Amino acid sequence: MSYSPIIQETIEYIEKNLHEELSLESTAQHAGFSKFHYHRIFQKEVGVTVSEYIRYRRIANAANLLLYSDEKIIDIALYYRFESQESFTRSFKKYYQLPPGQYRKIMSKLTIQREEVMLKNEQFIKGWQLSGSHPFNYKMGIDREIFHKGKASGFLKSVTVESHNEFATMMQQFKAEKFVGKRLKLSGFLKSQDVNGYCGFWMRVDDSLGDVLQFDNMGDRPIVGNNEWNHYSIVLDVPENSAVIAFGVLLSGSGKVWIDELKFEEVDERIPTTNLDFSGYLLDEPTNLSFEE
């Protein structure tokens, strides 16, 4: 059984209520599970406990307010349900190695400098490349104001797109040899804005001749419109003759998509693959050649 839709629905609930009282019990109740079962499936799917997820998302949003608002530290702390400024400071230092006041003072200056550099070289991100049918109609970059965790996220946005048929991808590729014979899961967080085609993660496994062995682009579960941060995954087998694994985020049509916290992990056969099997679209023989049916 895949728990991904349940996890996604409850993450959406959490994201909308980060400033409200949240607990393992309340989120488990929202999902319709016991708190013990929900704790297990959430940690297995997302990689952290529900409580840890809520904590670091509140801290990430607080970091954003520190840099891009004039709100008092105590007001930010109370808004995100910390008991006091002292408890907020302890939690904040755990993730950012600085107390909130110093973070605001130091990082505000660094952020301005980084944004100036980005304007000069927005299309360059270490390890990533821009591709697709019309890559010149899109831009990719690093966003230090909107992020899921840490200090930045990647983004892909349309600039001069004219058709839903145009698409671009922010991608990487690497050798498959370390994962041959294994089942590989790509997961991470996506946020979308005004996507009028669709967006999503994608992953492809090719052999040495460039033939596609396994592929999934979330075409059967597309992300459209406006969506807050949520967790998505792709699971593919890496056959014996695999040579290259490619992956990234896809944006079809216009809009903007952010990505953050991507990771790869080996999973066992109890986790079903999401491979799109195109063999089912092939007919056994030609049909309706006279167009009478």
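Which residue forms a salt bridge with Asp237? The partner is Arg183, and the closest N and O atoms of the pair are 2.6 Å apart. Asp237 lies in strand β7 (residues 223-237) and Arg183 in strand β5 (residues 183-207), so this salt bridge ties together parts that are 54 residues apart in sequence.

## Basis of the description

The model is predicted: local features need pLDDT of at least 70, side-chain atom pairs count only at pLDDT 80 or more, and totals for chains, interfaces and linings use all residues. Residues are numbered from 1 along each chain as its sequence is written, and side-chain values use heavy atoms, with hydrogens and water left out.

## Overall architecture

The chain contains 7 helices and 9 strands. Both kinds of element are DSSP runs numbered from the N terminus, helices being H or I with at least four residues and strands E with at least two. Taken along the principal axes, the box filled by the C-alpha atoms is roughly 75 × 50 × 45 Å.

Of the 293 residues in the chain, 42% are buried. Buried means under 20% relative accessible area, exposed over 50%, and partly exposed in between, with a 1.4 Å probe and protein chains only. Contact means heavy atoms within 4.5 Å. Among contacts between residues at least 6 apart in sequence, 73% join residues at least 24 apart.

## Salt bridges

The whole structure holds 14 salt bridges, each defined as a side-chain nitrogen of Lys or Arg within 4 Å of a carboxyl oxygen of Asp or Glu. In the pair from strands β5 and β7, Asp237 counts as partly exposed at 24% relative accessibility, while Arg183 counts as buried at 14%. Elsewhere, salt bridges that share partners join Glu52, Arg55 and Lys94 into one network.

Within that network, Glu52 forms a salt bridge with Lys94, the closest N and O atoms being 4.0 Å apart. This pair links distant parts of the chain, with Glu52 in helix α4 (residues 50-68) and Lys94 in helix α6 (residues 85-96), 42 residues apart. Glu52 is buried, with a relative accessible area of 18%, whereas Lys94 is exposed at 54%. A local example is Lys16 with Glu12, where the closest N and O atoms are 3.2 Å apart. Both residues belong to helix α1 (residues 4-16) and are 4 residues apart, about one turn of the helix. Lys16 is exposed, with a relative accessible area of 53%, and Glu12 is partly exposed at 38%.

## Packing of α1 against α2

The axes of α1 and helix α2 (residues 24-31) come within 10 Å and cross at roughly 130°. That makes α1 oblique to α2. Angles under 35 degrees count as roughly parallel, over 145 as roughly antiparallel, 65 to 115 as roughly perpendicular and the rest as oblique. The axes are lines fitted to C-alpha atoms, for helices over the stretch in contact, and the angles run from 0 to 180 degrees between N-to-C directions.

The crossing of α1 and α2 is right-handed; a crossing is right-handed if the near helix is turned clockwise from the far one by less than a right angle, and left-handed if anticlockwise. From α1, residues Ile6, Glu9, Thr10, Tyr13 and Ile14 meet Thr27, His30 and Ala31 of α2. The residues of this contact divide into 4 nonpolar, 3 polar and 1 charged. Ala, Val, Leu, Ile, Met, Phe, Trp, Tyr, Cys and Pro count as nonpolar, Asp, Glu, Lys and Arg as charged, and the others, Gly among them, as polar.

## Packing of α1 against α4

For α1 and α4, the axes come within 11 Å and cross at roughly 40°. That makes α1 oblique to α4, and the crossing is right-handed. Ile11, Ile14 and Glu15 of α1 make the contact with Val50, Tyr53, Ile54 and Arg57 of α4. The residues involved divide into 5 nonpolar, no polar and 2 charged.

## Surroundings of Ser187

Ser187 is placed in strand β5 and counts as buried, at 1% relative accessibility. Leaving aside neighbours within four places in sequence, Ser187 is in contact with Phe201, His231, Tyr232, Ser233, Glu261, Leu262, Lys263 and Glu265. The C-alpha atoms of Ser187 and Tyr38 are separated by 19 Å, and the two residues are 149 apart along the chain.
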